[in-house]
Amino acid sequence: MRIRRICAAVVATAAAFALTACSSAAAPSESASPSQGAAAAADLTLTTVDGERTLDAVPERVVVLDYASLDTLNAVGKSDVVVGTATKSLPESLKSYADVENVGTLKEPDFEAIAGLDPDLIIISARLAEQAPQLEEIAPTVNLSSDSKNWLESVNERAVDLAALFGEEAAAQERVDEITAAADELRGKAGEAGKTMFVMSSGGKLSTYGPGGRYGFVFDDLGFVSADEAATADEARHGKEISFEYIGDKNPAQLLVIDRDAAIGSEGQAAEQVLDNTIVNATDAAKNDRITYLDAASWYLVGGGLDTTKSMIDELSAAIGG
């Protein structure tokens with residue numbers, strides 16, 4: 001973890017002043033406010049999708065259009081800095097933010113509403129990457145999406161970085177250690193689960209994700225054996241559209257399923273109904289009761305926050321009887 005304390009940034013013009021500032025940051029006086037103490041412990045550099053970004057000060061007003069980051073801030077007790085988010089699609093785990101200012105959706109920000117909040121920082125995910133330049137005109141904007149090809153490490157790094165920004169690095173690291181331990185335990189037995197297919201149901205259509213794709217970390221990071229190695233670079237984000245016959249042909253020992261319609265509150269046939277047919281029911285996964293319907297909101301909307309990552313790993317562990 002990088003150590004870039006505020007006192008180090010203060011060293012500029014007068015050596016005596018710099019020494020005084022650093023001494024004050026290292027040992028705050030009894031009269032120092034809680035916010036000053038947090039600032040002294042803050043690391044102002046974040047590792048983002050676009051490289052390192054160093055802020056000028058600890059943000060006090062943050063707009064969060066990335067539910068993974070919102071989940072992390074919530075986990076380390078920094079909900080008070082959040083002044084705006086996409087409130088209309090909040091998953092149940094983040095419903096406590098329903099009363100903050102609504103600033104659009106995870107794909108379509110309300111620029112006027114965001115500007116009106118006068119934020120110090122805007123956090124986005126890959127869904128808003130193209131709008132980043134416009135958001136940057138309002139306030140420093142960082143894309144804290146995890147890296148699908150190095151998922152678990154990047155999730156942990158993003159979480160610790162974000163928490164450290166508010167002096168909560170230790171709290172985040174404790175949670176990361178729990179995630180790492182759970183992942184290690186899962187990895188040790190995931191291969192024994194047999195050929196696994198990861199499927200998303202949306203509007204009655206099915207897509208699958210293999211290694212290297214959006215949910216490739218299930219295989220790449222966590223050790224599951226893929227029943228379908230066919231995901232290409234072009235299909236990595238949105239998956240490979242498949243049919244029931246395709247599932248029957250691959251005959252997975254285990255099916256992991258996300259119901260996208262359930263995640264976004266869209267009406268339609270539930271994934272469990274879509275997959276309830278003679279072809280799928282003839283697979284080893286169905287015959288051995290190894291079809292697992294994952295928490296759709298956690299996987300599709302949030303995935304990557306401190307709380308959610310642990311719950312996702314726990315779901316996978318439960319799927320194989322761990």
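This is a short tutorial chat about reading a few features of a predicted model.

Student: Let's start wide. How many helices and strands are there in the chain?

Tutor: The chain has 16 helices and 13 strands. Keep in mind that we're reading a predicted model.

Student: And what share of the 322 residues is buried?

Tutor: Buried residues come to 47% of the chain. For contacts, look at sequence separation too: of those between residues at least 6 apart in sequence, 61% join residues at least 24 apart.

Student: Okay, sheets next. What is the strand order in the open sheet of five strands?

Tutor: Read across the sheet, strand by strand. Here the order is β5-β4-β3-β6-β7, and the pairing is parallel.

Student: Which strands are the edge strands?

Tutor: An edge strand pairs on one side only, and that describes β5 (101-102) and β7 (141-143).

Student: Can we zoom in on one edge? Over how many bridges do β4 and β5 pair?

Tutor: Two bridges, in the parallel sense, with β4 covering residues 82-85. Looking at a single bridge, G84 has E101 of β5 as its partner.

Student: Now helix packing. At what angle do the axes of α8 and α16 cross?

Tutor: Check the distance as well as the angle. The axes of α8 (residues 169-190) and α16 (residues 306-319) come within 10 Å and cross at roughly 20 degrees. Angles under 35 degrees count as roughly parallel, so α8 and α16 are roughly parallel to each other.

Student: Is the crossing of α8 with α16 left-handed or right-handed?

Tutor: Left-handed: that's how α8 passes α16. On the α8 side the contact is made by A172, R175, V176, E178, I179, A182, A183, L186 and K189, and on the α16 side by L306, D307, T309, K310, I313, L316 and S317.

Student: What does the contact of α8 with α16 have by class?

Tutor: Sort the residues by side-chain class. That contact has nine nonpolar, two polar and five charged residues.

Student: Last one, a single residue. Where does I264 lie?

Tutor: I264 is in helix α11, which runs over residues 260-264.

Student: And how does I264 count, by relative accessibility?

Tutor: Partly exposed, because its relative accessibility is 40% and that class sits between the cut-offs of 20% and 50%.

Student: Which residues does I264 touch, leaving out those up to four places away in sequence?

Tutor: Y300 and L301. Try P91 as well: I264 and P91 are 173 residues apart in sequence, yet their C-alpha atoms are 8.9 Å apart in space.

How values were computed
Residues numbered from 1 in each chain as written. Predicted model: local features only at pLDDT ≥ 70, side-chain atom pairs only at ≥ 80, totals over all residues. Heavy atoms only, no water. Axes fitted to C-alpha atoms, helices over the stretch in contact; angles between N-to-C directions. Helix = DSSP H or I, 4+ residues; strand = E, 2+ residues; numbered from the N terminus. Parallel < 35°, antiparallel > 145°, perpendicular 65-115°, else oblique. Left-handed = near helix turned anticlockwise from the far one by under 90°. Contact = heavy atoms within 4.5 Å. Nonpolar A, V, L, I, M, F, W, Y, C, P; charged D, E, K, R; others polar. Pairing = 2+ DSSP bridges. Buried < 20%, exposed > 50% of the residue type's maximum accessible area, 1.4 Å probe, protein only.
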